[in-house]
Amino acid sequence: MNSPRTPDPHAETGLLLRLTGPLQSWGERSPFNERDTALFPTRSGVIGLLASALGRSRDQPPDDLARLSLTIRVDRPGVPLRDLHTVGGGLPAKATVTTAEGKKRSGDTGTLLTHRTYLADAAFTVAVTGGPADAELLNRAGQALIAPRWPLFLGRRSCPPEGPLLLGATTDPLRHLVHLPLAAPRPREGFQDVAFLSDQPLNHRLTAPEPEPEANEDQDGAEPTSEITDQPLSFRPGHRAHGTRDLYQRALRLPADQHTGLGVRHLTALATYVAEHFDRPALEGGRP
């Protein structure tokens with residue numbers, strides 16, 4: 001039976017992040033007054049989080065961070081929450097929202113309605129990986145996540161993270177991504193299907209626990225299931241640009257005792273696992 005200590009021939013060096021909080025919002029399209037969210041952390045959102053931790057300006061190209069790969073484990077998918085906001089109401093004409101032509105709106109059109117969608121009570125574990133040339137960048141990013149230059153958010157400024165964000169640095173993050181304690185209630189059955197998503201094929205990058213088979217043998221993560229436009233090309237205000245990339249998905253059936261609930265019980269199990277298995281743990285405040 002595979003265990004967290006079994007060597008993996010496809011091991012990659014990287015960081016493991018814990019993205020959880022009351023609200024998250026990872027904009028996928030967000031046109032004008034409709035601010036949507038993807039159902040999982042986007043590449044642009046997580047890479048923007050790393051850039052913020054490092055203290056980079058929005059004018060700085062994200063090319064080096066954009067080389068890194070992200071693999072996401074969905075501990076809890078959360079519940080979509082749609083919120084209504086008003087902007088510009090009750091203000092004099094000169095202080096209302098500016099139109100596309102650069103003019104000011106009149107009093108009867110000064111109030112704009114906007115809808116914003118969030119994920120409530122979601123939890124994700126993310127492996128950020130790279131090649132040998134990215135080792136120093138990953139090290140600096142890990143240090144920055146412990147002592148960030150700018151505040152960190154789960155997609156939007158109204159969504160701060162809850163608890164520790166960086167779990168630690170490890171020489172085999174994808175193996176640990178499968179075995180780390182899950183921030184989810186213990187299922188009644190012996191195993192529970194858990195979704196993994198990545199920007200790279202997952203058929204050889206994740207090893208399913210044995211002897212239990214994969215949750216869906218027809219979807220082994222070898223081929224992309226869809227495309228998503230979340231590859232950051234520029235964060236410059238007014239000139240933001242994103243490219244399209246493939247999305248790979250795979251489901252693994254993980255044991256019930258790996259689901260360690262919520263709150264203190266889960267954090268205790270997480271800290272115990274990290275201290276035992278990670279090369280450079282971060283949960284106890286040490287730098288990676």
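**Salt bridges, a hairpin and two cores**

Reader: Let's start with R175: does R175 count as buried or exposed?
Author: This is a predicted model, so what follows is computed from its atoms. Buried means under 20% relative accessible area. R175 comes in at 15% relative accessibility, so R175 counts as buried.

Reader: Which residue forms a salt bridge with R175?
Author: The closest N and O atoms of this pair are 2.5 Å apart, and a salt bridge needs them within 4 Å. The partner is buried too, with a relative accessible area of 2%. That residue is D172.

Reader: And D64, how far apart are the closest N and O atoms in its salt bridge with R56?
Author: D64 is partly exposed at 21% relative accessibility, while R56 is buried at 15%. The cut-off for buried is under 20%, so the two land on opposite sides of it. As for the closest N and O atoms of D64 and R56, they are apart by 2.7 Å.

Reader: How many residues apart are R253 and D193?
Author: Their side chains meet in a salt bridge, at 2.8 Å from N to O. The pair links distant parts of the chain, since R253 sits in strand β11 (residues 241-255) and D193 in strand β9 (residues 191-198). Both count as partly exposed, R253 at 23% relative accessibility and D193 at 42%. Along the chain, their separation is 60 residues.

Reader: How many salt bridges does the count come to?
Author: The pairs above are among them, including R175 with D172 and D64 with R56. The count comes to 11.

Reader: Back to β11: which residue in β11 is the bridge partner of I228?
Author: Strand β10 (residues 226-234) pairs with β11 in the antiparallel sense, over six bridges. The two strands form a hairpin with six residues between them, and G238 in the turn has a positive phi of about 80°. In β11, the partner of I228 is R245.

Reader: Which element gives the most to the largest nonpolar core?
Author: That core has 38 residues, and L15, L17, L19, F124, V128 and L145 have the most contacts inside it. Elements giving two or more residues include β1 (13-20), β7 (123-130) and α3 (135-146). The top contributor gives six residues, and it is α1.

Reader: How many residues does the second, separate core have?
Author: Over in the largest core, L15 touches residues including V126, V128, L138 and L145. The second core is separate and includes L177, A208, L252 and V274. Its size is 20 residues.

Note on methods: Residues are numbered from 1 along each chain as its sequence is written. This is a predicted model: local features need pLDDT of at least 70, side-chain atom pairs count only at pLDDT 80 or more; totals for chains, interfaces and linings use all residues. Side-chain values use heavy atoms; hydrogens and water are left out. Buried means under 20% relative accessible area, exposed over 50%, partly exposed in between (1.4 Å probe, protein chains only). Helices (H or I, at least four residues) and strands (E, at least two) are DSSP runs, numbered from the N terminus. Two strands pair if DSSP finds at least two bridges between them. A nonpolar core is a set of buried Ala, Val, Leu, Ile, Met, Phe, Trp, Tyr and Cys residues joined through side-chain atoms within 4.5 Å. Contact means heavy atoms within 4.5 Å. Lists of a residue's contacts leave out its neighbours within four places in sequence.
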